[in-house]
Amino acid sequence: MPAIKTGANAALRALGRSYAAVHAAPRPKPPPAVVMLNMGGPSTLPEVHGFLRNLFLDADLIPLPFQRLLAPWIARRRTPQIEQQYAAIGGGSPILRYTRLQGAAMAALLDELHPATAPHKAYTAFRYAAPLTADAAEEMARDGVRRAVAFSQYPQYSCSTTGSSLNALWRHATQHAGGSGGGGLSGVEWSVVDRWGTHAGFVAAVAQRVEAALQKFPPARRADAVLLFSAHSLPMSVVNRGDPYVAEVAASVAAVVRALGERHAYRLVWQSQVGPRAWMGMQTRDALVGLARIGRKDAVLVPIAFTSDHIETLYELDLEYGKEAAELGMEVHRAESLNDSPVFVRALADIVAAHLRDCAAGAAGPTSVQMGLRCPGCTSTACAAQKAWFARGGL
């Protein structure tokens with residue numbers, strides 16, 4: 001009898017385990033990742049040197065002779081000056097705070113717009129400041145991510161910005177492919193949103209900010225205010241090899257001007273030149289001087305290629321150029337960056353939702369038609385390999 005009881009108890013325990021396995025709560029599925037790619041910025045003053053070192057080491061952004069030797073030297077020399085600039089805007093860049101805010105709000109909207117793949121989660125992968133690509137990859141590995149969208153936060157494509165961030169993702173994934181977990185990116189199916197500079201929601205969000213800035217002028221002078229759309233410049237060596245950035249920024253400007261009813265004179269100008277080499281112009285500072293000289297003393301500065309505030313808006317446009325414009329007798333207002341704009345957040349969600357729908361329906365591949373085309377003057381083997389890798393979905 002004891003043997004029978006023991007056998008019966010064992011059978012009951014086995015049956016209980018089988019029942020529990022069948023009826024256990026299902027494990028939550030890994031969230032589809034939306035990886036927000038951007039340049040980033042130091043959140044605190046001690047991070048400035050590392051940010052500059054990473055930036056000057058990036059040959060995609062700033063090609064330098066003897067880069068690995070020269071970049072650290074330039075970073076050391078520039079750190080004290082740049083620290084002062086970050087101190088003047090509050091001690092660090094707010095770009096991480098805004099990127100996380102935008103990402104969380106976008107993911108919540110995505111759950112409503114595209115419930116088939118919900119819940120969604122945004123990850124931040126900055127190029128030059130924490131959280132870097134490796135940090136995002138580690139977080140994705142912890143979450144068990146198997147599907148990811150690389151979502152450039154540069155509205156207009158350049159090999160120096162979006163291309164550099166995609167190169168960083170590709171390098172991290174392929175360099176860790178043989179290791180445990182693939183650095184967090186092994187086995188992840190990728191697709192890319194690489195440009196969206198004429199998306200209706202983005203255009204509407206920028207136009208809304210410009211309208212608000214125009215309201216700061218007296219009604220009698222408002223119509224004569226000149227719109228200066230300011231974008232980060234590029235070295236002419238990059239432009240001349242066929243980089244699409246200049247044309248795409250111009251397309252964004254034209255779309256915003258149309259949304260505003262073409263009521264104001266405007267120009268596209270360029271800022272943030274670094275070093276003595278030839279860069280795309282005319283420079284924003286020179287445009288302000290020129291407007292003052294010809295008697296056009298009212299202007300709105302519009303950051304058309306920056307979606308979140310960082311040093312180029314808060315220091316360069318607001319403090320540096322603002323001071324110079326005042327000395328020229330001008331009244332200049334800056335259109336607020338998109339930051340926490342609900343219109344902009346909805347645009348981000350709409351862009352990703354449409355991308356996911358198109359990918360699921362087979363209406364689009366992992367990458368856009370435009371991303372598949374290398375610059376005619378491109379000689380980078382990394383660019384060719386990265387584009388091919390993403391075109392295969394990173395698999």
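The following legends describe an overview and several close-up views of a predicted model.

Residues are numbered from 1 along each chain as its sequence is written. In this predicted model, local features require pLDDT of at least 70 and side-chain atom pairs count only at pLDDT 80 or more, while totals for chains, interfaces and linings use all residues; side-chain values use heavy atoms, with hydrogens and water left out.

**Figure 1. Overview of the chain, with 14 helices and 8 strands.** Helices (H or I, at least four residues) and strands (E, at least two) are DSSP runs numbered from the N terminus. Along the principal axes, the C-alpha atoms fill a box of roughly 110 × 50 × 40 Å. Of the 395 residues, 50% are buried; buried denotes under 20% relative accessible area, exposed over 50%, and partly exposed the range in between (1.4 Å probe, protein chains only). Taking contacts (heavy atoms within 4.5 Å) between residues at least 6 apart in sequence, 80% join residues at least 24 apart.

**Figure 2. Close-up of helix 12, residues 311-327.** Helix 12 bends by about 35 degrees at Tyr 321, the bend being the angle between axes fitted to the seven residues ending at a residue and the seven starting there. Tyr 321 is also one of the buried residues of this helix, which include Ile 311, Leu 314, Leu 317 and Ala 325. The cover over the buried residues of helix 12 includes helix 3 (67-88), helix 11 (284-293) and strands 5 (226-232), 6 (266-271), 7 (298-303) and 8 (331-334). Just after helix 12, Gly 329 adopts a positive phi of about 80 degrees.

**Figure 3. Close-up of Cys 375 and Cys 159.** A disulfide is a covalent bond between the sulfur atoms of two cysteines. With a disulfide defined as a pair of cysteine sulfur atoms within 2.5 Å, the count is 0. The closest cysteine sulfur to that of Cys 375 belongs to Cys 159 and lies 3.5 Å away, which is too far for a bond. Cys 375 is buried, at 8% relative accessible area.

**Figure 4. Close-up of Cys 378 and Cys 383.** Cys 378 is likewise in no disulfide, the nearest cysteine sulfur being that of Cys 383 at 4.0 Å. The relative accessible area of Cys 378 is 18%, and this residue is buried.

**Figure 5. Close-up of Val 289 and Met 330.** Val 289 is located in helix 11 and counts as partly exposed, at 41% relative accessibility. Although 41 residues separate Val 289 from Met 330 in sequence, their C-alpha atoms are 9.5 Å apart in space.
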